[in-house]
Amino acid sequence: MKKLMLVLAAALSVGAAQAQDTLKKMKDSAAVTMGVRESSGALSYTLGDGKYVGFHVEVCQRILADVQKQLGLPKLDIRYQPVTSQNRIPLVQNGTVDIECGSTTNNAARQKDVAFAPTTYVEEVRIAVKANSGINSIAQLAGKKVATTTGTTSVQHLRKHERGANVSFEEVFGKDHADSFLLLESGRADAFVMDGQILAGLISKSKNPADFKIVGEVLSVEPIAIMIRKDDAAFKKAVDASVTGMAKSGELTKLYEKWFMQPIPPANTKVGLPLSEATKAAWSNPNDKPMEEYAKK
Amino acid sequence: MTWDWQVFLQDTGGGETYLDWMISAWGWTLSVALLALVVAIAAGSLMGILRTTPNKWLVGFGNAWTELFRNIPLLVQIFLWYHVIPGIFRGLQAVPSFILVVFALGFFTSARISEQVKAGIQSLPRGQRYAGLAMGLTLPQTYRYVLLPMAFRIVIPPLTSESMNIIKNSSVAFAVSIAELTMFALQAQEETSRGIEIYLAVTGLYFISAFAINRAMLFVEGRVRVPGMIGGGR
């Protein structure tokens with residue numbers, strides 16, 4: 001038994017220790033693995049058939065193009081590896097994924113395990129309600145049913161907010177975003193609390209978008225960033241430089257416009273979520289501060 | 001890889017620790033599973049008995065029930081109960097999702113128990129039924145005093161498996177907003193980023209719950225054993 005544990009421990013530590021130097025790995029193999037999400041709003045999603053697109057996917061493609069130039073590689077093969085919120089951190093740590101371009105919140109707990117590029121998108125947690133419900137703020141949610149999705153940080157914000165603001169409401173949980181939206185649509189819930197861009201996307205794709213609106217105060221602000229391995233200073237420097245460059249040149253604004261304000265595939269619908277002040281602030285002063293720093297304000 | 005078991009002592013932001021939350025989630029899992037088990041054994045036994053009666057309408061009803069509930073995937077059944085049926089009958093929306101999930105899980109399992117009870121009754125020699133009736137017992141009396149006491153003893157081992165399955169199947173309840181262990185695992189690992197510790201703890205609790213049922217059923221099996229009957233001579 002003890003022997004088995006030792007073997008396991010050794011296997012784990014080998015897994016963690018390999019490929020610390022991403023730049024060298026890219027140079028040697030002329031390939032890189034990008035972690036992508038199946039369905040993370042307009043940030044990162046699949047069109048099916050192994051094709052992945054979205055705001056963060058395109059930002060990452062630009063970053064990797066910059067890195068390729070820096071390394072002087074004639075050709076860089078980008079492999080796409082779908083990840084989930086459960087496995088994304090282990091996959092980045094063990095070297096399966098070199099750069100994760102999904103919708104990962106940069107927080108202090110995760111910074112112990114991985115590193116983040118400068119924040120490229122700031123998510124605001126908002127409330128979606130039916131347009132005719134008359135609800136305009138969180139205080140009006142007292143005694144109402146509030147939906148959110150299992151396995152998201154919104155649940156935690158809601159809980160903290162409930163305690164802080166001394167309002168009590170009944171929480172109902174959907175198993176994914178589509179399910180939570182169905183709860184709102186079918187009247188099982190009076191409000192749906194989630195990341196603004198996810199709400200905007202779900203509303204834009206619903207049968208009757210005019211029936212829903214996003215209201216109320218911002219419940220929480222979360223910096224969403226591209227995730228890379230920890231303790232790989234050279235790669236982080238290259239990624240940081242690329243993101244900072246895109247922020248300064250207005251490239252990020254253009255990409256944002258493309259993914260959030262213009263019709264996007266597959267259904268050619270618009271998310272219709274204008275660039276927030278918080279995101280603008282993050283771009284004008286590129287940083288990888290965790291969520292906790294945002295909450296201090 | 002470093003362990004961080006202290007994660008269970010962190011505050012969830014709601015004034016309790018993750019450990020408190022996990023224990024309460026365990027309670028939900030056990031409540032869903034045990035109540036569903038009661039529903040399943042009651043409905044399953046009834047349907048299994050109906051399927052062995054001489055009346056073809058009762059047999060047909062028992063067969064229809066069994067086929068309906070065992071041919072639709074469990075998760076789909078849960079969604080039918082939660083989203084579709086209340087959409088047709090508006091009044092059902094007021095029924096708490098806990099009740100819905102107990103019945104959904106109970107009826108799903110009842111189809112399997114019905115099949116086992118039927119098999120148990122049919123495994124008895126036909127002469128026993130005729131003997132009971134020839135003695136002047138009515139059909140219900142024949143079942144009550146002759147057939148069922150034997151049949152239930154025979155099907156205890158498969159019933160044990162079903163009872164353990166129901167604990168594990170109760171994890172689908174997270175899909176309809178029951179704060180049980182699977183939901184706790186999904187949620188807490190996201191909040192704490194210590195997925196491995198959380199999943200290990202939850203796995204342990206599932207194992208303990210299912211194993212406890214296994215031991216309890218083994219005890220029952222030993223207590224009701226009839227010497228001379230199948231497997232009873234040990």
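Okay, let's start with a quick sanity check on helix H8 of chain B. At 1.5 Å a residue, its 12 residues should span 16 Å, and the end C-alpha atoms are 16 Å apart, so the two agree. Keep in mind that this is a predicted model.

So, is H8(B) covered or out in the open? Mostly covered: 11 of its 12 residues are buried. Among the buried ones are Leu181(B), Met183(B) and Phe184(B), and also Gln187(B), Glu190(B) and Glu191(B). Just after the helix, Ser193(B) takes a positive phi of about 60 degrees.

Now, the chain contacts. On the chain B side, 20 residues are in contact with 23 residues of chain A. Two elements of chain B give two or more residues to that side: helix H3 (74–88) and our friend H8 (181–192). H8(B) gives the most, with 7 residues. And what is that side of chain B made of? It's 13 polar, 5 nonpolar and 2 charged residues.

On to the cores. The largest nonpolar core has 73 residues, and Cys60(A), Ala128(A), Ala191(A), Phe192(A), Ile226(A) and Ile228(A) have the most contacts inside it. Helix H3 of chain A, residues 55–71, is the top contributor, with 7 residues. Where does this core sit? Domain 1 (17–122 + 223–296) and domain 2 (124–221) of chain A both supply residues, so the core lies between them.

Take Ile226(A) as an example. Leaving aside neighbours within four places in sequence, its contacts include His56(A), Val59(A) and Cys60(A), plus Phe116(A), Ala117(A) and Thr120(A).

There's also a second, separate core, with 55 residues, and Phe184(B) from H8 turns up there, along with Leu105(B), Phe174(B) and Ala175(B).

Definitions and conventions
Residues numbered from 1 in each chain as written. Chains lettered and ligands numbered in written order. Predicted model: local features only at pLDDT ≥ 70, side-chain atom pairs only at ≥ 80, totals over all residues. Core = buried A, V, L, I, M, F, W, Y, C linked by C-beta atoms within 7 Å. Buried ≥ 20, exposed ≤ 12 C-beta atoms within 10 Å, placed from the backbone. Helix = DSSP H or I, 4+ residues; strand = E, 2+ residues; numbered from the N terminus. Domains from an automatic or database assignment. Contact = placed C-beta atoms within 7 Å. Nonpolar A, V, L, I, M, F, W, Y, C, P; charged D, E, K, R; others polar. Expected span 1.5 Å × (residues − 1).
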